Each structure stands twice: as structure tokens, then as C-alpha cells.
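Hi,

Here is the structure I promised to pass on to you. Have a look at it first, and then read on for what I found.

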Amino acid sequence: MVEPIVDADWVRNNRDRVILADTRCYLDGRSTRAAYDAGHLPGAVFVDLDAHLAAPASAAEGRHPLPTPEVFAAGLSAAGIGDGATVVAYDDEGGVMAARLVWLLRVLGESAALLDGPPEAVAPLVTEAVIPEPAAFTPRPWPADRLASIDETARFAETGAAPVIDARPAERFRGETEPIDARAGHIPGARSVPCREHLVDGRLRPVDALQARFTDAGLSPDGEYVAYCGSGVTACHNLIVAEHAGFTGGRLYPGSWSQYAADGTRPVATGD
């Protein structure tokens with residue numbers, strides 16, 4: 001399996017054996033398909049996060065629940081991604097959205113990596129349409145040992161049995177603002193590890209700096225931890241970057257804050 005993070009040089013040197021996947025997603029309503037059509041890496045296929053990397057939103061399950069294995073497989077098959085392919089995903093936000101596809105593939109045992117840096121570092125963007133040849137991707141259940149439920153996450157955070165890390169911006173963690181979800185704050189006992197702060201000028205910080213960030217949040221190299229964010233998407237960036245930094249025991253809480261905050265019986269913490 002490919003390493004979880006690759007750079008532009010690696011992509012250029014291995015271009016003939018990888019599928020590039022444009023996996024942009026915007027929370028402000030912009031069209032991801034329009035962004036892809038306006039410019040993407042040569043040969044890159046479009047993977048629609050809302051359509052194939054998430055199920056429909058609901059208060060009960062959150063804004064981006066995991067897709068069914070059948071929906072995920074159908075989306076990848078249509079994009080020309082079959083069993084055994086090596087995929088490199090990118091977006092235009094340092095990988096914080098594209099990490100969802102990478103994490104879903106890796107937990108199924110597929111070879112997938114996140115591009116470190118802007119796609120333009122690989123090659124100039126083009127507008128030529130890519131019509132992928134359909135491939136066969138086999139639906140498989142999401143591995144239960146890589147996921148955490150709302151009750152497990154709350155219990156881990158409260159008891160400290162495993163670190164629970166929150167990928168949202170620090171001001172949302174502290175409860176100073178909440179532009180999207182039902183309540184402001186965080187899961188009591190969780191620790192703030194904003195995923196966008198892994199980046200400097202669109203590139204990941206050095207590995208030793210990343211290791212320090214996760215260690216400060218209570219992670220140990222082989223220890224279990226749970227990652228969440230607003231809706232289970234950018235939490236995958238924490239999971240992929242942590243794996244890159246040597247922390248391999250991560251589990252995703254798919255419902256994340258959007259599910260937790262919608263349940264008025266759940267306690268909420270604010271501040272640091």
C-alpha cells in the first residue's frame with residue numbers, strides 16, 4: 001500500500017500507475033463540479049463527496065454520514081476506480097476535504113494517498129473533460145473497529161480511556177462561534193487539534209512538528225484514539241496526517257459534532 005501522504009514529485013514519478021481523484025468540497029454552497037470543470041489536474045477524475053462519500057444529512061446521523069458500501073462502490077466504479085487501484089486524492093484546501101476519500105479507501109485495505117500541497121505543484125490545471133472507463137469496485141462493509149459511535153466517543157472523552165480529538169477550528173471548539181450546527185462548543189473531555197493548522201502555506205508541517213501536535217493532544221504511536229469534526233469529513237484529515245506522523249490507532253466518529261450537537265440531551269463544553 002502507498003504511504004498515506006505523497007508529494008508532487010512522487011505523483012509525477014508514478015503518474016502511470018495512479019488514478020488522480022479531484023475531491024473538492026465546499027461548505028458555502030459552491031459547485032464542486034463547476035470547480036473541477038474550471039480546472040483540474042490532467043487525467044484526474046471527479047469524485048463527488050456529497051453524492052458518493054456521504055449519505056444524506058439528517059439530525060439523527062449528522063451532515064455527512066458514511067455512505068452505504070453500495071453507494072461508495074458505485075461512485076468509485078463510475079469514476080474508473082476499481083479494486084486494487086492506487087488513488088491519489090487532492091482538493092484546493094490542503095487536503096482537508098480529499099482526506100475523506102483517502103481514509104475510506106485505506107480502511108478497506110485499498111492503496112490511497114493524499115497529495116501534500118496544491119495540485120498546481122504537480123502540473124498546470126486543464127479544462128479538458130475526463131470520461132473515465134467504468135471499473136469494478138466491490139462493495140465491502142465499513143470495518144467496525146475503525147469507527148466509534150456517539151456513545152463510545154462521549155465515554156472515551158469523559159473518562160480519558162482514549163483521546164478524542166476535534167479537527168474543527170479552535171474558535172468553534174471553544175464555542176465562540178457556530179455557523180453550521182445546532183449548538184456551539186465541543187464534546188466534554190475532547191481536545192482541540194484543528195486540522196488546518198497542520199498546514200503552512202498549503203503544505204504539511206514537517207513530521208516532527210506534526211508528531212508534537214498529536215503528542216500534545218495525548219496520542220501515543222500505537223494507542224487508540226477517536227477523531228471527529230463538524231460532520232466526519234475533516235476529521236479524516238487528522239486521521240491521515242496522524243498516520244503519516246506514526247500514530248496508527250485512529251477511529252472515526254462519523255456523526256461528529258453535527259450529530260452530537262443535535263441531541264439536546266448531550267452535555268456540551270466550551271472554552272479551551
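**An exposed loop residue, and what else turned up**

Let me start with Asp201, which is exposed, as its relative accessible area is 77%. Please keep in mind that this is a predicted model. Asp201 sits in the loop between strand 8 (199-200) and strand 9 (203-204). Its backbone is worth a look too: phi of Asp201 is positive, about 55°, although the residue is not a glycine. As background, most residues other than glycine have a negative phi.

Ser256 also has a positive phi without being a glycine, with a value near 50°. Is Ser256 buried or exposed? It counts as buried, because its relative accessibility is 0% and the cut-off for buried is under 20%. Ser256 belongs to helix 10 (residues 256-262).

**The record**

An unreviewed UniProt entry lists "domain: Rhodanese" for residues 14-123 and 158-269. In the model, the chain over residues 14-123 is 27% helix and 15% strand, and the C-alpha atoms at the ends of that stretch are 13 Å apart. For residues 158-269 the figures are 29% helix and 16% strand, with 11 Å between the end C-alpha atoms.

**Helix 8 and helix 9**

How do these two helices meet? Helix 8 covers residues 207-216 and helix 9 covers residues 235-244; their axes come within 9 Å and cross at roughly 120°. That angle makes helix 8 oblique to helix 9. The crossing of helix 8 and helix 9 is left-handed. On the helix 8 side, the contact is made by Val207, Leu210 and Phe214, while helix 9 contributes Asn238, Val241, Ala242 and His244. By type, the residues of this contact of helix 8 with helix 9 are 5 nonpolar and 2 polar, with no charged ones.

Helix 9 is also largely enclosed by the rest of the structure, because 8 of its 10 residues are buried. The buried residues of helix 9 are Ala235, Cys236, His237, Asn238, Leu239, Ile240, Val241 and Ala242. Asn238, Val241 and Ala242 of helix 9 therefore appear both among these buried residues and in the contact with helix 8. Just after helix 9 comes Gly246, with a positive phi of about 105°.

**Two buried loop residues**

Gly95 lies in the loop between strand 4 (86-90) and helix 5 (99-107). It counts as buried, at 3% relative accessibility. Which residues does Gly95 contact, leaving aside its neighbours within four places in sequence? They are Leu114 and His237, and His237 is one of the buried residues of helix 9. The C-alpha atoms of Gly95 and Pro118 are 8.5 Å apart, with the two residues separated by 23 places along the chain.

Glu110 is found in the loop between helix 5 and strand 5 (111-115). Glu110 is buried, with a relative accessible area of 7%. Not counting residues up to four places away in sequence, Glu110 touches Met1, Gly82, Asp83, Gly84, Ala85, Leu105, Phe137 and Arg140. Asp83 and Arg140 are therefore among the residues around this buried glutamate.

Happy to talk any of this through whenever it suits you.

Best wishes

Methods
Residues are numbered from 1 along each chain as its sequence is written. This is a predicted model: local features need pLDDT of at least 70, side-chain atom pairs count only at pLDDT 80 or more; totals for chains, interfaces and linings use all residues. Side-chain values use heavy atoms; hydrogens and water are left out. UniProt positions are given in the numbering used here, feature names are shortened, and annotations may be inferred rather than shown by experiment. Helices (H or I, at least four residues) and strands (E, at least two) are DSSP runs, numbered from the N terminus. Axes are lines fitted to C-alpha atoms, for helices over the stretch in contact, and angles run from 0 to 180 degrees between N-to-C directions. Angles under 35 degrees count as roughly parallel, over 145 as roughly antiparallel, 65 to 115 as roughly perpendicular and the rest as oblique. A crossing is left-handed if the near helix is turned anticlockwise from the far one by less than a right angle, and right-handed if clockwise. Contact means heavy atoms within 4.5 Å. Ala, Val, Leu, Ile, Met, Phe, Trp, Tyr, Cys and Pro count as nonpolar, Asp, Glu, Lys and Arg as charged, and the others, Gly among them, as polar. Buried means under 20% relative accessible area, exposed over 50%, partly exposed in between (1.4 Å probe, protein chains only).
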